[in-house]
Amino acid sequence: MTGDEACAEGALAAGCRFFGGYPITPATEIAEHMSERLPEVGGTFIQMEDEIAAIASVLGAAWAGQKSMTATSGPGFSLMMENIGLAACTETPCVVVNVQRAGPSTGLPTMGAQADMMQARWGSHGDYEIIALAPSSAQEIFYQTITAFNLSERYRTPVFIMTDEIIGHMSEKVVIPAADQIRTEERPKPQGRKDRFLLYKPGPNGVAPMPAAGEGYNVHVTGLTHDEKGYPVMSIEAQEQMMTRIKTKILNNLDDIVITEAHELEDAEIVIVSYGISARTSMAAMQQARAMGLKVGFLRLITVWPFAERQIRELAQRVKAFVTVEINLGQIHLEVTRAAAGQATCHLVGHHGGAIISPDKVIAAIKEVV
Amino acid sequence: MSQAVARHEASAAAVPDHPLEDLIRSDRIPHIWCPGCGIGTAFAATLSAMKGCGLDLATLCMVSGIGCSGRAAGYVKLDSFHTTHGRAIPFATGLKLGNPKLNVVVFSGDGDLFAIGGNHFIHAARRNIPLTVICLNNLNYGMTGGQAAATTPYLARTTTTPAGNHEAPFNLPLLAWASGASFVARWTILHIRELTECIQKAFLKNGFSFIEVLGPCPINYGRRNKEKPLQTLKLYQEQTIIRNHADPSDLEIDFKKKVVLGEFVDKERSTCIENYDKTCRLM
């Protein structure tokens, strides 16, 4: 099946029962597949009037108690940004898939890119933390969609799947395990007296339990700065308390959230850093470089946000250089450069968008660095 | 000081509980609405209708957008959602479809629902999503200080139409009717009894219901258009006419002529949820 279909199947396996969508190349197939499959499992699909409405409906369904998601590409992702901010501010679990295509603007709708990575991190106004995963195959998008829902429920936060047109439209073998082999998580539910319940009072892992509408908690949910009860409070102190909670629930759990994959890093002098479709380019390049006798390793970012800062910082102490491979003009490359903090040189193998990067380009860059 | 507090407490003790006490977040009072504003009256009518309609209050939710009327969700002691500007209806759509047992009320203003949120309104009406949408129409953007809205009458003065509004306003019931709403009505905050009964009826309607409530904004609209608070209410009394089932194209707001109030549409049409179950859930 295609990556888009595998994404939809992963969502269903994770327990997603609401999809609010809007057609856009190259993410449309996720919506199409969900429109067929959701009613079979008792869920609901709705095609909204635009991406703004799609994400708004996803947040509404999340507060109705459903695991909910949407899928889009660059132009739609731009339109969703305001309500992604509302989701971050109100700590609403949801999953947003961005099947990236080349931009800016309408760009190359049918051709892949990885140029929305910084938009994923900073696209909505204000400070907040976000979780973003980057799958490298159809099989992986299946599993990562499940992980995305689990993280979203665990941390009450929007989670992005930053895939791309190439994986979305590529057909590959996907193994779907039996339901009892799949671990799914539910958001923590409140206990104790309903009249004393505080909607944003953090539990042990920094995350507050979340009731659904209709359960008798009379919650108030607002995008205004709010106190632990959820009531708007227009003060610097309330802002600080809210922001601290939104940030620390992610930043204090980095070991749980940041997933990376290490390949031949033990003796590496040069480390390729990559994610998503470009990780496949990078894997091939690393193997070719090793065959040439070059001491090249590969760090694959499965979680792109929050950034694997500690991993890069530690590697920078002992390696000569980083080569970041991505289909943009240097978005994660700048993060690597920042984390390396001058301890190792940092190089980019980028692309303007529209095609995958050939391993030859990576080899050429490695040879220059050596 | 302590005497004043004691006096205040004594008088508070003598005042019986507010009849809507159980539906108001009294810990959030005082509210933000200005003296003479119509929102509180429409809000109270909504709460009275909630109490009177017989629905289980635990199933009732309120969703608002942004603006003065958008603050309503912050004062109601129900599951309540103060969302982004213009997006109350699609949020409410997800809430309702996510749990069809909920009874979802959207309470927001004309700027929020019909300018930035206009597209969502017509599509929710077209789909016949079972929602009750109450629009407090005060003819301008109150919270930001009185700018022109999609409902501002021709030639009316606002801070962004200093020479008078050169655009034509929407006829909201006509828009709702044309978009397919199951229930469409208009009242003013002066017609509190009719309004409350109408909202109650809308709550029990299985389909997309829309009620436009005309309410004064004396601080931002009235002041610039030489309309004192009492004069606006006089217009509501003297320059309106109740005509149920009126032709929706006759519902333009022009207080120089008569403004038509009443219940204009009340029809049966299968909802989005019923049709989804029928066509998509083939089990």
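Two strands pair if DSSP finds at least two bridges between them. Helices (H or I, at least four residues) and strands (E, at least two) are DSSP runs, numbered from the N terminus. The model is predicted: local features need pLDDT of at least 70, side-chain atom pairs count only at pLDDT 80 or more, and totals for chains, interfaces and linings use all residues. Residues are numbered from 1 along each chain as its sequence is written, while chains are lettered from A and ligands numbered from 1 in the order in which they are written.

**Exercise 1. Find the bridge partners of B:Met62 in β3(B) and β2(B).**

Step 1: Begin with β1 (residues 60–64) of chain B. Four bridges link β1(B) to β3 (residues 103–109) of chain B, and the two run parallel. There, B:Met62 has B:Val105 as its bridge partner.

Step 2: Turn to β2 (residues 79–82) of chain B, which pairs with β1(B) in the parallel sense over four bridges. In β2(B), the partner of B:Met62 is B:Ser80.

Step 3: Now check the cover. A residue is buried if 20 or more other C-beta atoms lie within 10 Å of its own, exposed if 12 or fewer, and partly exposed in between, with C-beta atoms placed from the backbone. B:Leu60, B:Met62 and B:Ser64 on one side of β1(B), and B:Cys61 and B:Val63 on the other, are all buried.

**Exercise 2. Work out which strands stand at the edges of the nine-strand sheet.**

Step 1: Write down the order of this open sheet: β8(A)-β2(B)-β1(B)-β3(B)-β4(B)-β8(B)-β7(B)-β10(B)-β9(B), with mixed pairing.

Step 2: Look at the ends. β8 (220–222) of chain A and β9 (240–242) of chain B each have a single partner strand, so one side of each lacks a neighbour in the sheet.

Step 3: Zoom in on one pair. β7 (residues 183–188) and β8 (residues 209–214), both of chain B, run parallel and are joined by six bridges. B:Thr188 stands opposite B:Leu214 in β8(B).

**Exercise 3. Compare the expected span of α1 of chain A with the distance between its end C-alpha atoms.**

Step 1: The expected span of a helix is 1.5 Å times one less than its number of residues.

Step 2: Helix α1 (residues 3–14) of chain A has 12 residues, so it should span 16 Å. Its end C-alpha atoms are 16 Å apart, which agrees.

Step 3: How enclosed is α1(A) by the rest of the structure? 12 of its 12 residues are buried, so α1(A) is largely enclosed.

Step 4: Just after α1(A), A:Gly15 takes a positive phi of about 105°.
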